Structure formats: C-alpha cells, structure tokens
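Trainee: I have a structure open on my screen and would like to learn how to read it. Could you take me through it feature by feature?

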Amino acid sequence: MRFLQVLMFLAASNCSFAQTYALLADRLIDGKSDQVISNPTVIVRQGKIIDVNFNRTIPDSAIVIDLKGQTLLPGLMDVHTHLLGTSGDYEKDLYDHSPTYRALRAVMHMRTALNNGITTLRDVCSEGAGYADVDLARAVDSGFVEGPHIFPAGKGIAATGQYFPLPRDQNWSIDLPYGTQFTTGTDECIKAVREQYSRGVTWIKMYGDFITPTFSAAEMKAIVSEAKKLGLDVAAHANTSVGIRLAIEAGVRSIEHGREFNDSLIKLALAHGTFWCPTISGMERHPGPLLDSIHKYLNRAYKAKLAIVMGTDATSWNINETKELEYYVKNAGLSPMDAIKTATLNAASLLRIQNSLGQIKKGFTADIIAVAGNPLEDITLLQHVDFVMKEGKVIKRP
C-alpha cells in the first residue's frame, strides 16, 4: 500500500511538472529591456519558458493564469544573505543553537524569501554553522524543502582573530568556536580554500578587512588564485578603502558593503570588472556616519556604469528584502528599471547564470514573479509580490 502511495505521488508530481501554463498579464519587465512591454503571454512547460508572445497565443492544453492588472518580472536575486545567522544575540546563537537547529530555522527564512519573490540567494558565510548552507542548497535541489536556488559559501575565511566573536573578549583558556574559519599566511589561506571546496561550497567568502585592514595583499591573492584554480569566485567583505583596493587588485568577483568606496576605487573596480554589492539595508538597520557617503558614491558608481547587484545582508526576514531596491532609487538615484536589474540581469551575471536565469526569455528557467501595478512608477510595489513561480512550479498566487 505504501509503495502504491509513493508511485501515485511521483505520478502526480510528474504530471504537474509536465503541465503547460500560460501566464497573462498587463505588463512585462523582462530583465533586459529598458522599457515595459504591454500584454505579455508567457508559456511555461517542464520548468522552462517555451514562449513569450504579445498576441495572446495560448496552447490548447495550457492552464491559464490570468494576472490582470499585474506586471511580470524575472524572479529576484538577493546575493548577500546569511541564512544561518540571526538579527539577535550573535554569541547566544552560536553557542546555544546547533547547526541543525539553525538550518531548520533557515527553512522558514527561505520560505519567506521565496514568498517575497526572491527565487535565488547567494549565502555568504554560515556564521559558525559550518557547511549547513551547503546542505540547505542540496535539500532545495533535491526537493526535500522549498526555497530559492542557493549559492553557498560555507564557513567564510578571515584573518586570525578578525571576526565575531572577538577572541580578545572571550575566556582565553577555553577553545570556543568562531563565526568563520581563521587563517594566517598564504599556506593556511590556500588550505582553507581547498577544504571549503571539498565540502561543496560554490563561492568563497573572504573578509578582506574587519574594522581595519587585515589580510595582506599576498594572502588575498593566494585565496583568489586558489579559488580560481578550482572554478570558484570570491566575494570580499571590504569596508575600508585599503581593504577594497587590495581585494579588487587581488581579483575578487565582488566587493560586499564597500562603505569607503570613492571615485578612484570606482575606476579601479571598472578596470577589473568587479561587481559592487552595497547592502544598504544592513547599513540602514545600523546607520552610521558613512551612510550619506555610500549613497553618494553608489550614485557615482551607477553613473559610471559599475555593475551593482542587490544584496541585503539579511539574517532574518522581518523586513522585506526588496526594500533594498527602494533605497537604490530614493537615496542613490538609480532609475527603477536599473534598480530592478541589480536583482535580475546584473545578479545573474555575477553568479554566471545569465544564460538561464535573470530574464523572462524563451529557453530560460521559469522563475517568474508578478506585482499589481507598475513598479517603474512605484518601486515599493515590489515589496508586495502577488505571484511567484520557481522552476515552473506555482509557489504563490493572488
């Protein structure tokens, strides 16, 4: 009997996967064009977009989902999260809660993100939970849990003593765990990259500075060089001007935060093809003296056509992640369309998935969202997503 039930479940799942959907809406923001396109019909089958037309051509077998009054967009990407973290007491979370508990809690965060229209996450450091983010990515890919696509960075790599909880604040006679993997010297840096690669990370997270510059140029280059040998990119936490410069020169793929970005660093990043993930949401939660400066230089970077990608530094989902896009538009002067591209086209390019995600285009994976009204007229509409489809499966609908 049990075997029969399993067979019936698999058959139903396969039928659902094979079903053809026709999504009808008033507007389309496809992730690449600079204009909204009217009256789109998007045909989805077996997790892929098989057609995008504007004459209401619908296959006879299709289930029609009429999203009247809505705008279709590609699923959004948040490329700086900490699924295993918490917005509360860091040390209490690290010492009181096992990685298993934190991973189970993260399932709730993933579901929230998905309902908010975030269909892809880059998780940049498990905050002391080992490789639990790798397990979360595997669980999603295997269908055990529902969540966004996850690009995990595992433990992260920091210079010895230069991350939370600060060793100088701890009892030195007890060997307590930390929020990242500490290294000293190029040999340890190379070893850490190899270890993390062997555990299944798809990105390397390097803390290029921590309040003050930490890693040497040689250590950063060793991390980036070894990662590239293994086919991995490096994201660098870097806030100081020295840390940002050294990380860019070392060849990192993206600068995270970048509070002391300036004109010369923008030029350097452009020359090296480096992405900037400014994580304004995290800074808005803890505003400091550099907040106005980062808005100013984010605007200058945007005008200089530096590749900007949306990342929120999210550790909990009490605030909708797309609030980040509102900050880009209202505080940093990005156009609403270009703000949306930071979470679609640009983010897909950063993750090297631009040929399968980040656009609503024939042949692409069917990660699609919809919002009522036109987000180019009001970017805050993206904080109220009505429809979510991931890989052709309807997750949320009006």
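Mentor: Gladly! Let's begin with a term: a residue is called buried when its relative accessible area is under 20%. Keep in mind that this is a predicted model.

Trainee: Which residues of helix α4 are buried?

Mentor: In α4, residues 132-142, the buried ones are A132, D133, V134, L136, A137, A139 and V140. Their cover includes α3 (99-115), β7 (118-123), β8 (149-152) and β18 (385-390). Just after α4 comes G143, with a positive phi near 85°.

Trainee: And how much of the chain is buried?

Mentor: Of the 398 residues in the chain, 54% are buried. The chain has 13 helices and 19 strands. Its C-alpha atoms fill a box of roughly 70 × 60 × 35 Å along the principal axes.

Trainee: What radius of gyration would a compact globule have with 398 residues, and what does the chain have?

Mentor: A compact globule with 398 residues would be near 21 Å, and the chain has 21 Å, so the two agree. Contacts tell you about sequence distance too: of those between residues at least 6 apart in sequence, 69% join residues at least 24 apart.

Trainee: How do I think about the nonpolar residues inside?

Mentor: In soluble globular proteins, nonpolar side chains tend to be buried together. Here the largest nonpolar core has 80 residues, and L83, I204, M206, I223, I255 and F261 have the most contacts inside it. Helix α10 (residues 291-303) gives the most to this core, with 6 residues. Apart from this core lies another, of 17 residues, including I65, L72, F387 and M389.

Trainee: What does L83 touch?

Mentor: Leaving out residues up to four places away in sequence, L83 touches A106, H109, M110, L121, D123, L136, I150 and W317. You met L136 earlier, among the buried residues of α4.

Trainee: Where is V193, and is it buried or exposed?

Mentor: V193 is in helix α5 (residues 185-198). It is buried, because its relative accessible area is 0%. With the same neighbours in sequence left out, V193 touches I157, I204, I223, E226, A227 and L230. For a sense of distance, V193 and G373 are 180 residues apart in sequence and 46 Å apart in space, C-alpha to C-alpha.

Trainee: How should I describe two helices that pack together?

Mentor: Two packed helices are described by the angle between their axes and the distance between the axes. Take α10 and α11 (residues 323-332): they pack at about 90°, with axes 9 Å apart. They are therefore roughly perpendicular to each other. H295, L298 and N299 of α10 make the contact with Y328, N331 and A332 of α11. By class, this contact has 3 nonpolar, 3 polar and no charged residues.

Trainee: What about the backbone angles?

Mentor: Most residues other than glycine have a negative phi, and most peptide bonds are trans. In this model, a cis peptide bond joins F164 and P165, with omega about -15°. P165 sits in the loop between β9 (157-159) and β10 (181-183).

Trainee: Which residue between β2 and β3 should I look at?

Mentor: Look at N39, in the loop between β2 (37-38) and β3 (41-45). N39 has a positive phi of about 55° although it is not a glycine. With a relative accessible area of 40%, N39 counts as partly exposed. R352 also has a positive phi, near 60°, and is not a glycine; R352 is in the loop between α13 (345-350) and β17 (368-372).

Key:
Residues are numbered from 1 along each chain as its sequence is written. Side-chain values use heavy atoms; hydrogens and water are left out. A nonpolar core is a set of buried Ala, Val, Leu, Ile, Met, Phe, Trp, Tyr and Cys residues joined through side-chain atoms within 4.5 Å. Buried means under 20% relative accessible area, exposed over 50%, partly exposed in between (1.4 Å probe, protein chains only). Helices (H or I, at least four residues) and strands (E, at least two) are DSSP runs, numbered from the N terminus. Contact means heavy atoms within 4.5 Å. Axes are lines fitted to C-alpha atoms, for helices over the stretch in contact, and angles run from 0 to 180 degrees between N-to-C directions. Angles under 35 degrees count as roughly parallel, over 145 as roughly antiparallel, 65 to 115 as roughly perpendicular and the rest as oblique. Ala, Val, Leu, Ile, Met, Phe, Trp, Tyr, Cys and Pro count as nonpolar, Asp, Glu, Lys and Arg as charged, and the others, Gly among them, as polar. The radius of gyration is taken over C-alpha atoms; the globule rule is 2.2 Å times the number of residues to the power 0.38.
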